[in-house]
Amino acid sequence: MEGVYENARTVLERISRAAVESGRSPESIKLVAASKMNSAERVRQAYDAGVRAFGENRVQEMTEKLALGAYEGAELHFIGHLQKNKVKNVVGKAQVIESVDSLELMELIGRRAVAMGICQDVFVEINIGREENKSGIEKERTDEFLAQCGNISGIMVKGLMAIPPKSADIWKTERYFEEMSKLFIDMKAKKYDNVNMTFLSMGMSSDFEAAIRRGANIVRVGTAIFGERIYK
Ligand SMILES: *Cc1c(COP(=O)(O)O)cnc(C)c1O
């Protein structure tokens, strides 16, 4: 494995190529480097290579790296499961909370944002594979969910996010990407208060090019940039 800098350059190049191949401009795709379990220093190496958005899963880790200035000059996305008692540590710190999966959580985020005098950008996480152990709302509930967001102050829904079931078969994954793409286009065409559907976040290290071909405009890539994570 090369260093973080070289890996990040390679991923950015692969994104550009996939964008061009599907008739889109490289600038229309945003790379969010999933930097969990990687130090502030390694985050800066990715930044130096041109990465301008980072994604974190854990509030504690994000807070520590924020204090070290790890994300300076870049966007910060929260992409992990957000516990209700940690909402206050993320609202106003992350530019986007990608992983909102319940109305209750949406309301708590909104309440905190209003108290801070800001509007928090959020995505709705969709459990596209209907996996029991995974977060996210069912695709069929998206309409109803977005309509209900109209009653919540302090939030703006800017996109949809999904993590399809793990599969060695890229065609299965592509079918989920396609389903997400259809849902995204469908929701984009509708008008809901507090919803400005702009971003479709899907695709990780093993499948981000396929996701781009199916319409993703945000990909979240960890391992291909930072190497394998070592879980203790
Ligand atoms: C870790 C993570 C990623 C990146 O996964 P890789 O397979 O390492 O690229 C993407 N999205 C979320 C929500 C993650 O937690």
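A residue counts as buried under 20% relative accessible area, as exposed over 50%, and as partly exposed in between. Cys119 is therefore partly exposed, its relative accessible area being 47%. The structure described here is a predicted model.

The cysteines were examined for covalent pairing. A disulfide is a covalent bond between the sulfur atoms of two cysteines. Searching the whole structure for such bonds gave zero disulfides. For Cys119, the closest cysteine sulfur is that of Cys149, at 12 Å, which is too far for a bond. The reciprocal search gave the corresponding result, with the sulfur of Cys119 as the closest cysteine sulfur to that of Cys149, at 12 Å and too far for a bond. Because a disulfide requires the two sulfur atoms to lie within 2.5 Å, the separation of 12 Å rules out a bond between Cys119 and Cys149. Cys149 is buried, with a relative accessible area of 0%, whereas Cys119 is partly exposed.

Cys149 also appears among the contacts of Met106. Met106 belongs to helix α4, which covers residues 103–116. With a relative accessible area of 0%, Met106 is buried. Neighbours within four places in sequence being left aside, the residues in contact with Met106 are Val100, Val122, Val124, Phe145, Cys149, Ile152, Ile155 and Val157. Met106 and Glu144 are 38 residues apart along the chain, and their C-alpha atoms are separated by 14 Å.

Val122, a contact of Met106, is also in contact with Ile97. Ile97 is part of strand β4, residues 96–100, and is buried, with a relative accessible area of 0%. Apart from neighbours within four places in sequence, Ile97 is in contact with Phe78, Leu82, Val90, Val91, Ile109, Gln120, Asp121, Val122 and Phe123. From Ile97 to Lys36 the C-alpha distance is 15 Å, for a sequence separation of 61 residues.

A further buried position was found in strand β2. This strand comprises residues 53–56 and contains Phe54, which has a relative accessibility of 0% and so counts as buried. When neighbours within four places in sequence are left aside, the contacts of Phe54 are Val32, Ala33, Ser35, Val43, Ala46, Tyr47, Tyr71, Ala74, Glu75, Leu76, His77 and Phe226. The C-alpha atoms of Phe54 and Glu174 are separated by 24 Å, the two residues being 120 apart along the chain.

Ala46, one of the contacts of Phe54, also takes part in the packing of helix α2 against helix α1. Two packed helices are described by the angle between their axes and the distance between the axes. Helix α1 spans residues 4–21 and helix α2 residues 40–48; they pack at an angle of about 45°, and their axes are 8 Å apart. An angle outside the parallel, antiparallel and perpendicular ranges counts as oblique, and α1 and α2 are therefore oblique to each other. The crossing of α1 past α2 is right-handed. On the α1 side, Val4, Tyr5 and Ala8 take part, meeting Arg42, Gln45, Ala46 and Asp48 of α2. Classified by residue type, this contact of α1 with α2 has four nonpolar, one polar and two charged residues.

In the segment before α1 is Glu2. Glu2 has a relative accessibility of 58% and therefore counts as exposed. The C-alpha atoms of Glu2 and Glu132 are 37 Å apart in space, with the two positions 130 residues apart in sequence numbering.

Backbone angles were also considered. Most residues other than glycine have a negative phi, and most peptide bonds are trans. Met37 is not a glycine, yet has a positive phi of about 65°. This residue is located in the loop between β1 (30–34) and α2 and is partly exposed, with a relative accessible area of 32%. Asn194, likewise not a glycine, has a positive phi of about 65°. Asn194 is in the loop that lies between α6 (170–188) and β7 (195–201). The relative accessible area of Asn194 is 23%, so the residue is partly exposed.

How values were computed: Residues are numbered from 1 along each chain as its sequence is written. This is a predicted model: local features need pLDDT of at least 70, side-chain atom pairs count only at pLDDT 80 or more; totals for chains, interfaces and linings use all residues. Side-chain values use heavy atoms; hydrogens and water are left out. Axes are lines fitted to C-alpha atoms, for helices over the stretch in contact, and angles run from 0 to 180 degrees between N-to-C directions. Helices (H or I, at least four residues) and strands (E, at least two) are DSSP runs, numbered from the N terminus. Angles under 35 degrees count as roughly parallel, over 145 as roughly antiparallel, 65 to 115 as roughly perpendicular and the rest as oblique. A crossing is left-handed if the near helix is turned anticlockwise from the far one by less than a right angle, and right-handed if clockwise. Contact means heavy atoms within 4.5 Å. Ala, Val, Leu, Ile, Met, Phe, Trp, Tyr, Cys and Pro count as nonpolar, Asp, Glu, Lys and Arg as charged, and the others, Gly among them, as polar. Buried means under 20% relative accessible area, exposed over 50%, partly exposed in between (1.4 Å probe, protein chains only).
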